[in-house]
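This report treats the salt bridges, metal sites, sheet and surface of one structure. The model is shown below.

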Amino acid sequence: MLPLLSRATDSLFKQLSHRLLPSSCSFCLAPLQPPAGTLCYHCVAELPRLTTQCQWCAVALPKNALCGNCQQNPPSYRRCISAFHYQAPVDNIILRLKGNPYTTEIKQLCAILAQHIAATYQQAQLPCPQTIIPLPLHWLKMTKRGFNQSHIISNLLAADLRREHKVTLEIRSDICRRILKGQDQHLLSAKKRRTSIKNAFIAEAKDLKGLSVAIVDDVVTTGATANSAAKALLRAGAAQVDIWSIARTSWNNPTG
Ligand SMILES: [Zn+2]
Ligand SMILES: [Zn+2]
């Protein structure tokens, strides 16, 4: 009980200090040097970046290659681009974002993801998609939560890509809808998750034909949700669909 209490007090102290001293890192309280955001350079350097990964679905691998799952069941999307492992403290920042749209640290994670996105297209010598679609929530979840965290991430990414990487982007929330609510996805096995998410989305828009689009999500787990949305967009005429996510898990992937 005591360690729990001391952790809670420590966390409360950190939150209060950060409010009173906004120029301190929200993790370690070190003084922030401009133009840092809310995390200091040291804490940013310690974030769990994805390095070697599957070149299709972004799951972590010992070296850059294609994972067994993508070789056996090629995803419908062209490529998933994620910046971080879904590990502390990134998992915590994403969980907080779902409860609080003003979670400040997400801005720095988005800036790092934007840099990674721009570098990935440059290396592959491919044009960056110019249409971003925040992964839609089912209307019941949207009503309960009051906002879509993928929309917040999309806004931050678009602003960064426009400002720092001179990419022209448009955010479209009118193209794709989630029609099946599904169960709490993280509680299901990979197989059940893939079955439950099939045909969960519909997409329609007159000007979708031939467009290259990117679906934005906070975290990709098996990729089944993103793949289902990608299929709906491809059926509706999109030329290709990429996935951009802050984080990627490894534990729910059949290949690890
Ligand atoms: Zn720090
Ligand atoms: Zn893969």
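## The E105–R96 salt bridge

In this predicted model, E105 is buried, its relative accessible area being 4%. Its carboxylate is engaged in a salt bridge with R96, with 3.3 Å between the closest N and O atoms. The partner R96 is partly exposed, at 33% relative accessibility. The cut-off for a buried residue is under 20% relative accessible area, so E105, at 4%, falls within that class.

## Other salt bridges

The structure contains 7 salt bridges. One of them joins the side chains of R78 and D242, with an N to O distance of 2.8 Å. R78 belongs to the loop between α3 (68–72) and β1, whereas D242 is part of strand β7, so this pair ties together parts that lie 164 residues apart in sequence. The two residues fall into separate accessibility classes: R78 is partly exposed at 27% relative accessibility, while D242 is buried at 1%.

A further salt bridge connects the side chains of R163 and D160, at 3.2 Å from N to O. Both residues lie in helix α7 (residues 149–165); because they are 3 residues apart there, about one helical turn separates them. R163 is partly exposed, with a relative accessible area of 46%, and D160 is buried, at 10% relative accessibility. A network of salt bridges links D160, R163 and E164.

## The zinc ion (ligand 1)

Which protein atoms are the donors of the zinc ion (ligand 1)? They are the SG atoms of C25, C28, C40 and C43, which lie 2.3 Å from the ion. The site is tetrahedral, with angles of 105 to 115° among its 4 donor atoms. Along the sequence, the donor residues follow the spacing C-x2-C-x11-C-x2-C. C28 is located in the loop between α1 (2–20) and α2 (41–45), and C43 in helix α2, so the pair ties together parts that are 15 residues apart in sequence.

These two donor residues can also be described by their accessibility. C28 is partly exposed, with a relative accessible area of 38%. C43 counts as buried, its relative accessibility being 10%.

## The zinc ion (ligand 2)

The zinc ion (ligand 2) has as its protein donors the SG atoms of C54, C57, C67 and C70, at 2.3 Å from the ion. Why is the arrangement tetrahedral? The 4 donor atoms around this ion subtend angles of 105 to 114°, which makes it so. In the chain, the donors are spaced C-x2-C-x9-C-x2-C.

Two of the donor residues of this site have assigned accessibility classes, as follows. C67 is buried, with 2% relative accessibility. C70 is likewise counted as buried, with 3% relative accessibility.

## The parallel sheet

An open sheet is formed by 5 strands in the order β1-β7-β6-β2-β3, and their pairing is parallel. Its edge strands are β1 (79–85) and β3 (170–171), each of which pairs on one side only. Strands of a sheet pair through backbone hydrogen bonds, either parallel or antiparallel.

Strand β7 (residues 240–248) pairs with strand β6 (residues 212–220) in the parallel sense over 8 bridges. β1 and β7 are also paired in the parallel sense, over 6 bridges. S245 of β7 is the bridge partner of D217, and S245 is the bridge partner of S82 as well.

Is β1 largely enclosed or largely open? Of its 7 residues, 6 are buried, so β1 is largely enclosed by the rest of the structure.

## A nonpolar surface patch

On the surface, I179, L180 and I202 form a nonpolar patch, with about 220 Å² of accessible area together. I179 is placed in the loop between β4 (176–178) and α8 (190–197). With a relative accessible area of 37%, I179 is partly exposed. Membership of a patch requires over 30% relative accessible area, so I179, at 37%, meets that cut-off.

How values were computed. Residues are numbered from 1 along each chain as its sequence is written. Chains are lettered from A and ligands numbered from 1 in the order in which they are written. This is a predicted model: local features need pLDDT of at least 70, side-chain atom pairs count only at pLDDT 80 or more; totals for chains, interfaces and linings use all residues. Side-chain values use heavy atoms; hydrogens and water are left out. Patches are made of residues with over 30% relative accessible area and no salt bridge: like charges are joined within 9 Å, nonpolar side chains (Val, Leu, Ile, Met, Phe, Trp, Tyr) within 5 Å. Accessible areas come from the Shrake-Rupley method with a 1.4 Å probe; for residues, only the protein chains shown count as cover. A salt bridge is a side-chain nitrogen of Lys or Arg within 4 Å of a carboxyl oxygen of Asp or Glu. Helices (H or I, at least four residues) and strands (E, at least two) are DSSP runs, numbered from the N terminus. Buried means under 20% relative accessible area, exposed over 50%, partly exposed in between (1.4 Å probe, protein chains only). Donors are N, O and S atoms within 2.8 Å of the metal (3.2 Å for Na, K and Ca); water is not among the atoms, so sites may look incomplete. Four donors count as tetrahedral if all angles lie between 85 and 135 degrees; four count as square planar and six as octahedral if opposite donors are over 155 degrees apart and all others between 65 and 115; anything else is irregular. Two strands pair if DSSP finds at least two bridges between them.
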